[in-house]
Amino acid sequence: MPLVFDPNFDKQKLMYHPERVAEWLSAGVTSGPLYTELELSNHCNCRCLFCGVDHQVNQTGALMGLPLASKIIEGLAGLGNKSVMICGHGEPLLNLEVLAIVRLAAARMSVSMTTNGWALDEAKLPLIDNLEWLRFSVNGCTPENYGKIHGTSDAAFVRVLANIGAAVARKRELQLPVTIGTQLVLLPENQSLVVHLAEQLKELGVDYFSVKPYSQHPLSINRRQVDYQDLLWLEQALKPLADERFRVIFRAAAMRQAGSGKSYERCHGIHFLSFISANGDLWACNVFAGDQRYLLGNGDREQLRDIWLGERRQQVLSYIANDLDLSGCRDLCRMEACNSYLWRLKKPWPHDNFI
């Protein structure tokens with residue numbers, strides 16, 4: 001079975017949606033999001049030492065029920081939303097209705113999931129049949145290392161690897177087109193074991209292994225500084241493992257960029273995405289979920305179309321456009337590349353017309 005993998009899957013893709021970008025360039029607004037991050041659970045079974053949402057996770061006790069999820073998914077579809085990533089501040093697999101919600105969403109749009117994989121039991125495993133991609137967050141490389149970094153028992157590592165293996169086996173057995181990958185946040189605590197983990201994951205048969213830098217969340221309790229200049233050697237150490245069936249994505253460019261500031265002066269990416277909490281709250285930015293200045297409305301009490309086109313959202317957009325200090329945003333924001341692209345469209349460089 002050929003590998004189903006877009007080599008550019010982890011890069012910004014707004015240029016593939018020219019009608020939405022043109023809409024924004026012309027009117028300064030969009031008729032709906034292209035992409036939504038949907039939180040099914042505010043609970044998490046890990047206590048990662050680098051967690052960026054430690055100020056939010058396990059605070060509300062919220063789990064999104066199927067009725068609310070159905071209303072939100074229908075609302076998103078009506079707005080032309082094309083993709084949903086099941087993630088959020090908590091672990092989505094702790095929601096016992098996750099399989100039904102994934103199936104519901106996949107009938108209307110593209111669906112993916114990011115998970116620590118610990119709770120991927122046999123009953124939930126069929127959800128991968130409905131995903132375009134599934135990414136496991138594995139940041140520890142041995143049982144002891146995993147327990148230390150994820151704040152769990154050492155035995156959790158063995159279970160997570162077994163669950164990854166089960167997902168790969170189902171993909172192969174049913175010849176599913178889902179891309180199954182893993183991601184590691186590179187830290188001083190795991191850097192000496194990264195190659196060892198990559199070898200294990202290749203043996204399990206995952207499609208890719210991504211290594212990314214730590215990104216300081218502006219609101220998180222934990223504060224860390226990592227000098228990635230001393231860790232860039234890992235890119236060459238991992239290269240021999242890569243082949244046509246196992247991709248290694250080492251984000252050296254992001255590591256060099258860490259702490260260097262923004263290449264744009266306004267956040268325009270918020271016109272193309274949304275973040276929805278497990279209780280139905282709709283936020284302009286996932287980083288500032290919980291900050292009332294970014295709250296657009298609640299999808300349980302309101303219709304998403306009314307929220308997206310409503311006065312409250314216009315007020316939030318005005319605040320972000322005119323008052324937001326980007327130096328207070330997250331370093332290496334997920335929308336970094338999108339914002340650089342959109343800023344360039346608004347502020348073209350000399351020679352841009354020479355295509």
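With which side chain does the side chain of Ser-274 make a polar contact? In this predicted model, the partner is the side chain of Thr-36, at 2.7 Å. Ser-274 belongs to strand β8, which spans residues 273–276, and Thr-36 is also among the residues in contact with Ser-274 beyond its neighbours within four places in sequence, a list that further comprises Pro-33, Tyr-35, Glu-37, Leu-76, Leu-282, Trp-283 and Trp-308. Ser-274 counts as buried because its relative accessible area is 2%, where the cut-off for that term is under 20%.

The setting of β8 is an open sheet of ten strands with mixed pairing, ordered β7-β6-β5-β4-β3-β2-β1-β8-β9-β10. At its edges stand β7 (247–250) and β10 (295–298), each of which pairs on one side only, and neighbouring strands of the sheet are turned against each other by 20° on average, when direction is ignored. In general, the strands of a sheet pair through backbone hydrogen bonds, in either a parallel or an antiparallel manner. Between β8 and β9 (residues 281–283) the arrangement is antiparallel, with two bridges joining the strands; Phe-275 has Trp-283 of β9 as its bridge partner, and Trp-283 is also one of the residues in contact with Ser-274.

Helices lie across parts of this sheet. Helix α2 (residues 66–78) lies across β1 (35–39), β2 (83–87) and β8, and runs at about 175° to β8. Elsewhere, helix α6 (residues 194–204) lies across β5 (179–186) and β6 (208–213), running at about 155° to β6.

Notes
Residues numbered from 1 in each chain as written. Predicted model: local features only at pLDDT ≥ 70, side-chain atom pairs only at ≥ 80, totals over all residues. Heavy atoms only, no water. Helix = DSSP H or I, 4+ residues; strand = E, 2+ residues; numbered from the N terminus. Buried < 20%, exposed > 50% of the residue type's maximum accessible area, 1.4 Å probe, protein only. Polar contact = N/O pair within 3.5 Å; in protein donor to acceptor, adjacent residues only side chain to side chain. Contact = heavy atoms within 4.5 Å. Pairing = 2+ DSSP bridges. Axes fitted to C-alpha atoms, helices over the stretch in contact; angles between N-to-C directions.
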